[in-house]
Amino acid sequence: MTMTESPPATETQSVAPVPSPAVGLYDWISTSDHKRIGRTWIRASLLMLLGTAVVGILIGFEQVDASSVDVFGGDNSYFQLWGLYRFALVLMVAAPLLIGLAMVVVPMQIGATNIAFPRAALAAGWGYLLGAGITVVSVLAGGGWGALDGVSQDEADAIALTLLGTGMVIVSLLLGAICVATTVISLRTSGMNLLRVPLFAWSMLVACTVWLLTLPVAIANLAIMYVDLRGGPLTFGNPEGSDAMYAQVAWVLDQPQIYAIAIPALGIIASIVPVIAGTRQIAHWVMVAFIGVFGLLSVGGWSQPYFANTSDEILYIAFGLAIVLPVFAVIGGAAATLAAGDAPVGLPAAHLLGALGAGVILLAAVVSGAMKVIEPFDLIGTSAHTGLMNLTALAAITAGLAGLWFWAPKIGGGFMPSGLGRLVILDFIAGALLLGIPQVVAGFFDSPDLMVTDIDDSVVDAMSLVSAIGAVLVAVGALGVILALIASMRGSGDAPGDNPWNGHTLEWATTSPPPVGNFDEPPAKVVSEAPLLDIADEEVDA
Amino acid sequence: MAATTTPLPVAPARRPRTALVGAMLASGAAFMTYIGLLAIYLVERSNASLAGAEWFPEGVVELGPSGWIFWTMIMSIFTVQWAEWSIKTGDRTNGLWALGLTGLFAAAVFNQLWFIINDTGFTLVGSTPEFMFFVLNGAFIVFLIAAVSFLALTMLRALFGQYGARQADGVGAAAMFWNTVCVMYFITWYVVYVTK
């Protein structure tokens with residue numbers, strides 16, 4: 001396969017990157033610069049990734065031998081941290097990472113000077129941090145999304161706090177989504193219609209719209225449970241104990257809704273590959289259409305337990321099968337572009353590895369999801385659900401990491417370490433596949449979604465062990481990302497120049513790091529989806 | 001590969017409508033939250049009906065007061081649009097009067113809701129219908145307060161000249177959110193009070 005290396009030495013400048021101006025605490029908490037706001041989201045989500053990955057390891061090893069290994073000191077604690085891992089991975093890592101990336105990159109991609117409602121974006125960032133903190137602390141204090149052995153009064157208070165924290169995180173994500181979507185809708189530069197919007201910005205618009213239409217339903221679920229916990233009659237927190245509370249919001253982590261978290265992954269893949277290939281994306285409008293179709297098929301508010309009936313089951317099966325098509329189409333389009341281009345042969349750059357890896361993981365996820373909805377396989381309620389969730393969320397995170405490496409010159413002003421990046425991303429891809437696929441396979445052997453007792457099946461045991469190894473790799477990858485980020489922040493290495501990858505879209509027309517306001521003067525009237533290629537073509541023609 | 005900034009010709013300036021777009025998205029999210037609650041209400045009521053149980057006792061939830069709220073909200077739609085149109089056309093005095101009148105209608109709606117809740121005698125820890133009635137009305141009051149706060153902020157900004165004929169997007173945004181809250185009530189009125 002044709003691949004590319006990180007930027008050749010001839011294109012870098014052997015001077016230190018321009019450091020970001022020193023900022024005080026007040027600037028940090030009150031900035032209205034979208035790049036700083038986005039960086040806050042990204043750093044917080046990467047720290048959450050590390051914590052979540054550690055919990056993932058503990059859960060993985062508990063499941064290797066559920067009857068004799070007791071990492072958590074009881075089924076209830078296990079259930080609480082099992083829930084925390086899931087909600088954290090999807091709502092506190094994947095979504096904030098992608099929103100943070102979008103907050104930095106999208107305004108520049110569409111030629112805007114800032115994000116829409118920057119103070120709201122900043123408030124959303126702090127709200128997310130506070131909500132995530134409340135959720136984690138409340139779970140450690142015995143809260144969570146219900147209790148298997150009954151809800152005591154103390155637990156009811158902690159559970160209420162968990163619901164509040166989760167609600168805060170979702171509201172913050174929605175506020176961030178409003179800022180990003182409004183930016184794409186109303187702040188595009190002249191000539192940039194929606195068909196000419198860069199694919200990452202387009203995918204974020206689709207994702208934010210789907211999140212805004214569906215996640216509020218989860219807020220409704222949380223609100224009902226929160227009030228009911230205070231003596232209401234619906235008994236989600238019934239004293240006999242059950243996972244009824246978790247079940248009310250589990251639809252957020254199940255298909256089709258879980259796919260909504262991975263919509264931006266398609267946009268990142270389709271943004272990186274044409275740049276590496278050094279050519280325009282083949283059939284750009286088809287990619288736009290299929291990212292939109294993927295978004296439509298990931299709308300899953302209707303699949304929550306309250307609305308379950310026969311017609312919903314038909315929808316569930318239809319959505320589960322149909323969603324494979326847009327993923328194949330987008331990845332196929334990217335592959336065709338890569339093949340048609342003139343990407344240099346060599347060791348692939350970290351961001352290309354990440355983009356290709358995210359595509360592979362997402363394909364594994366949607367194929368697993370398609371198998372899950374085929375009734376004879378009988379995978380519903382099995383560990384295939386966990387596998388699907390892990391694969392989808394980790395595809396989104398891998399794409400986010402690819403974006404982090406790709407847009408690093410615009411995010412922080414310098415490159416992310418390329419050698420460490422390759423290792424980290426390869427490790428992350430391997431970890432994601434080893435974590436998720438064995439869980440799907442174990443589902444065929446009736447391994448339950450929540451394994452509190454050991455399953456006497458050698459295949460399930462083997463799959464659990466492989467899955468636990470995958471969880472370790474993901475955690476190592478998360479640690480590697482943090483180290484790479486620290487190395488990047490310390491400013492070591494060459495200055496990237498303004499357009500080190502020969503990018504096609506407007507974010508590459510400004511300096512690295514971009515100034516406050518992004519552009520010294522308003523960008524050109526855009527006449528295609530690749531304005532910088534247009535300029536290069538004009539220069540060649542001239 | 002280029003290592004320097006690509007020179008680009010200057011694009012003409014555009015007037016973004018961020019306030020309107022943001023309000024549209026926020027209104028959509030608020031509406032979906034409320035619709036989620038309403039859907040849960042309908043499912044619980046349907047379950048009770050299938051079990052042969054009575055939802056509300058006869059004569060407890062009256063249509064009359066809720067109808068007054070309905071008509072008050074209809075009037076408020078006219079006043080909030082009046083406010084938007086007045087400020088857009090530079091008639092700040094009429095705009096402020098219209099906003100004030102909308103606020104008055106909001107206070108009337110709040111008062112009528114309070115009366116209904118007290119009149120039913122429902123408690124939060126009572127039966128499922130009582131609980132759902134409380135949750136739905138409570139959520140509506142939260143959105144009503146949010147809409148009134150938005151209108152009040154808009155009124156203050158209009159008062160100090162921030163909104164006028166050249167820039168009235170903020171008023172349009174507040175009006176859009178207010179209208180969304182009105183639609184929430186119209187659906188509630190039909191689902192909770194008319195069809196019971």
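What share of the 542 residues in chain A is buried? In this predicted model, buried residues make up 64% of chain A. That figure is a handy way into the architecture of the two chains, which are taken here one after the other before attention turns to individual residues.

Chain A is built from helices: there are 17 of them, and the number of strands is zero. Its overall dimensions fit a globular description. The radius of gyration of chain A is 23 Å, which agrees with the value near 24 Å that a compact globule of 542 residues would have. Measured out along the principal axes, the C-alpha trace of chain A spans about 75 × 50 × 45 Å. Contacts in chain A reach far along the sequence, too. Among those between residues at least 6 apart in sequence, 85% join residues at least 24 apart.

The surface of chain A is also worth a look. About 18000 Å² of chain A is exposed, and 67% of this area is supplied by carbon and sulfur atoms. As for charge, chain A carries 15 positive and 39 negative charges, and the mean positions of these two sets are 16 Å apart.

Chain B is likewise described by helices, with five of them and zero strands. Read from the N terminus on, the order of elements in chain B is simply α-α-α-α-α. How does the radius of gyration of chain B stand against that of a compact globule of 196 residues, and what are the two values? The globule would have a radius of gyration near 16 Å, but chain B has 21 Å. The box that holds the C-alpha atoms of chain B, taken along the principal axes, is roughly 75 × 55 × 25 Å.

Of the 196 residues in chain B, 48% are buried. Contacts in chain B between residues at least 6 apart in sequence join residues at least 24 apart in 81% of cases. The accessible surface of chain B comes to about 9300 Å², with 68% of it belonging to carbon and sulfur atoms. Chain B has 9 positive and 9 negative side chains, and a distance of 24 Å lies between the centres of the two sets.

Cysteines offer a convenient next stop. Over all chains, the structure holds zero disulfides. Cys208(A) is one residue in no disulfide, and the nearest cysteine sulfur, which belongs to Cys179(A), is 9.3 Å away. Is Cys208(A) buried or exposed? Cys208(A) counts as buried because its relative accessibility is 0%, under the 20% cut-off for burial. In chain B, Cys182(B) has a relative accessible area of 0% and is therefore buried.

Met168(A) gives a closer view of one helix and its surroundings. This residue sits in helix α5 of chain A, which covers residues 153–186. Because its relative accessibility is 23%, Met168(A) counts as partly exposed. Which residues does Met168(A) touch, leaving aside those up to four places away in sequence? The partners are Gly127(A), Leu130(A), Gly131(A) and Ile134(A). With Gly127(A), the separation in sequence is 41 residues, while the C-alpha atoms of Met168(A) and Gly127(A) are 6.5 Å apart in space.

Several loops of chain A hold backbone features that may catch the eye in the viewer. Gln255(A) and Pro256(A) are joined by a cis peptide bond with an omega of about 0 degrees. Pro256(A) belongs to the loop between α7 (244–249) and α8 (263–277) of chain A. A cis peptide bond also joins Ser512(A) and Pro513(A), where omega is about -5 degrees. The loop that contains Pro513(A) runs between α16 (458–489) and α17 (531–541).

The loop between α16 and α17 of chain A also contains Asn518(A). Although not a glycine, Asn518(A) has a positive phi of about 70 degrees. Asn518(A) counts as buried because its relative accessibility is 0%. Where in chain A is Asp378(A) found? Asp378(A) lies in the loop between α12 (350–373) and α13 (384–406). Asp378(A) has a positive phi of about 55 degrees, again without being a glycine.

Note on methods:
Residues numbered from 1 in each chain as written. Chains lettered and ligands numbered in written order. Predicted model: local features only at pLDDT ≥ 70, side-chain atom pairs only at ≥ 80, totals over all residues. Heavy atoms only, no water. Helix = DSSP H or I, 4+ residues; strand = E, 2+ residues; numbered from the N terminus. Rg over C-alpha atoms; globule rule 2.2 N^0.38 Å. Buried < 20%, exposed > 50% of the residue type's maximum accessible area, 1.4 Å probe, protein only. Contact = heavy atoms within 4.5 Å. Areas by Shrake-Rupley, 256 points an atom, 1.4 Å probe, with all protein chains shown as cover. Lys, Arg positive; Asp, Glu negative; His and termini not counted. Charge placed at Lys NZ, Arg CZ, Asp CG, Glu CD. Disulfide = S-S within 2.5 Å.
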